[in-house]
2 protein chains.
Amino acid sequence: MPQSVKSKETKQRILDAAEALFARDGFASVTVRQIMKQAGADVALAYYHFESKRDLFDAVLMRRAETMNAIRHAALDEVEGRHKDDAPTVEEIIGAFTNPLLDLLAEDHEQWRHYFALVAQVNNSPEWGGELMTKYFDPLVRRFLDALRRALPNSSEADLFWSYHFLSGALTLTFAETGRIDNLSNGTCRSSDMAAISARLPAFIAAGFERLAKA
Amino acid sequence: MPQSVKSKETKQRILDAAEALFARDGFASVTVRQIMKQAGADVALAYYHFESKRDLFDAVLMRRAETMNAIRHAALDEVEGRHKDDAPTVEEIIGAFTNPLLDLLAEDHEQWRHYFALVAQVNNSPEWGGELMTKYFDPLVRRFLDALRRALPNSSEADLFWSYHFLSGALTLTFAETGRIDNLSNGTCRSSDMAAISARLPAFIAAGFERLAKA
DNA sequence: AGCGTAATTCAACGTTTGTTGAAAGGCAAC
DNA sequence: GTTGCCTTTCAACAAACGTTGAATTACGCT
């Protein structure tokens, strides 16, 4: 018997707790005892279900990575299916890249909220940003870059990569939900207002891609 | 005698070491003993010059904040001085916001490199992103937003703030220098190539501001 | 009912953490 | 040259860390 139903439940509870705490305080700030207390389980259980603290962290990242990739692939499928002969617009492609994630956040699933905040931290960390992100998301990103290359045949390779870099940064800060824009705008804008972002981010970024491609 | 020359030197050495280590590994991952070893001083000296580890961290952030603000104010002064009657272009204003920092990095001053990487981490951290960034950079940011408001009189307030949010994210990821784009582009682009970025970021971001203002 | 394995608890280990008090060294002023 | 203050060292504290092994409970199978 490899795994009972009950144990799977607690394993998920551990992952949930770790996800929330890692997202808020970062890997090193969080203690295994904190995680297990929030999960309502004994400390040693963390080491029964996972090999180490680091292993638990990786498991947290892995758990939603596939789903995350799948919904973005599906969104790009849908866009490309809508354009059999002509190419999709840049804004449509960017929207397929960002909106599935923003929609998930808009639906107020707190777990996804934590997960994205965690990814945001990992993405901006010199320690993990280069390797981990590459490992999990490279195939997807390359497919989007292919689509963008077709939509912008005059763009140089370097311009495409740098444009994606700026997109990645803008999206990442959005996921962090630091509340900075709340302060700055005196409440006019809210970090958690994903509808406001999906109404603006694709257009904003598409304009950037197109301007660099033209120069 | 409030402070000797020698003690000021070691205080700076402590700050340098802390800056480099905090930037690479984050606040919690770095130990005070690590910092003092790299600074070549006794552990207890950290608590003679600073009140606590957290206080040392704040001192690291403070040290270069004024200089950072000053050079960006000067850059905007210069741009506005060049346009007595007509308004500067959006790209010029964004350039004044980003290029002073990118130039500093391009000159290969390793200390500034560490500092910006640290700021990038702080900016994306839910714990500090909202409060600390507001405290240090709000007046400067508001001045830039004023200039952008004049250059884009048709833009709504929300569009301006969100556009700034995207700019902030793109710039922040640049500072992190995670090497992600090196992997993704197979070496075509390098995270450390600030010249490539200052040639693209202002135009890219300006296009976004302008598109949102038009819609 | 009872065996076997999976899941969970308990108590502890060695290490490292941030931090501190007291003592030693260095240097200017008188 | 001794007084006085600033700086630096040394040694240690209690607390918390990640991790583990052995003991205990829960549960599916025959």
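Here are five short exercises on this predicted model, each with a worked solution.

**Exercise 1. Getting to know chain A**

Task: Find out how many helices and strands chain A has, and how much of the chain is buried.

Solution:
- Start with the element count: chain A has 11 helices and 0 strands.
- Reading along the sequence gives the pattern α-α-α-α-α-α-α-α-α-α-α.
- Next, look at the extent of the chain. Along the principal axes, the C-alpha atoms of chain A fill a box of roughly 60 × 50 × 30 Å.
- Now turn to burial: of the 215 residues in chain A, 47% are buried.
- Finally, check how the contacts are spread along the sequence. Among contacts in chain A with a separation of 6 or more, 65% join residues 24 or more positions apart.

**Exercise 2. Two helices that pack**

Task: Work out whether helix 5 and helix 6 of chain A are oblique or roughly perpendicular to each other.

Solution:
- Two numbers are needed, since packed helices are described by the angle and the distance between their axes.
- The axes of helix 5 (residues 90–106) and helix 6 (residues 110–123) of chain A come within 8 Å and cross at roughly 130 degrees.
- The roughly perpendicular class runs from 65 to 115 degrees, and roughly antiparallel needs an angle over 145. Helix 5 of chain A is therefore oblique to helix 6 of chain A.
- Which residues make the contact? Helix 5 of chain A brings A:Leu101, A:Leu104 and A:Leu105, while helix 6 of chain A brings A:Trp112, A:Arg113 and A:Phe116.
- Sorted by class, this contact has 5 nonpolar residues, no polar ones and 1 charged.

**Exercise 3. How the two copies meet**

Task: Describe the side of chain B that touches chain A, and find the symmetry relating the chains.

Solution:
- Count residues first: 56 residues from chain B and 56 residues from chain A take part in the contact.
- Then ask which elements of chain B give two or more residues to this side. They are helices 1, 6, 7, 8, 9, 10 and 11 of chain B.
- Helix 8 of chain B gives the most, with 15 residues.
- By class, the side of chain B that touches chain A holds 25 nonpolar, 20 polar and 11 charged residues.
- Now superpose the copies. A turn of 180 degrees with a shift of 0.0 Å along the axis lays chain B on chain A with an RMSD of 0.1 Å.
- That is the relation of a two-fold axis.
- As a cross-check, 100% of the interface residues of chain B are also interface residues in chain A, so the copies meet through the same surface.

**Exercise 4. Checking helix 11 of chain B**

Task: Compare the expected span of helix 11 of chain B with the distance between its end C-alpha atoms, then examine its burial.

Solution:
- At 1.5 Å a residue, the 14 residues of this helix should span 20 Å.
- The end C-alpha atoms of helix 11 of chain B are 20 Å apart, which agrees.
- For burial, 11 of the 14 residues are buried, so the helix is mostly covered.
- Those buried include B:Leu201, B:Phe204, B:Ile205 and B:Phe209, together with the charged B:Glu210 and B:Arg211.

**Exercise 5. An asparagine with positive phi**

Task: Locate A:Asn186 and decide whether it is buried or exposed.

Solution:
- A:Asn186 sits in the loop between helix 9 (180–184) and helix 10 (194–198) of chain A.
- Its phi is near 55 degrees, a positive value in a residue other than glycine.
- A:Asn186 has 9 other C-beta atoms within 10 Å, and 12 or fewer counts as exposed, so A:Asn186 is exposed.
- Try chain B too: B:Asn186 lies in the loop between helix 9 and helix 10 of chain B, with phi near 55 degrees, and is exposed.

Terms used
Residues numbered from 1 in each chain as written. Chains lettered and ligands numbered in written order. Predicted model: local features only at pLDDT ≥ 70, side-chain atom pairs only at ≥ 80, totals over all residues. Contact = placed C-beta atoms within 7 Å. Helix = DSSP H or I, 4+ residues; strand = E, 2+ residues; numbered from the N terminus. Expected span 1.5 Å × (residues − 1). Buried ≥ 20, exposed ≤ 12 C-beta atoms within 10 Å, placed from the backbone. Axes fitted to C-alpha atoms, helices over the stretch in contact; angles between N-to-C directions. Parallel < 35°, antiparallel > 145°, perpendicular 65-115°, else oblique. Least-squares fit on C-alpha atoms with pLDDT ≥ 70 in both.
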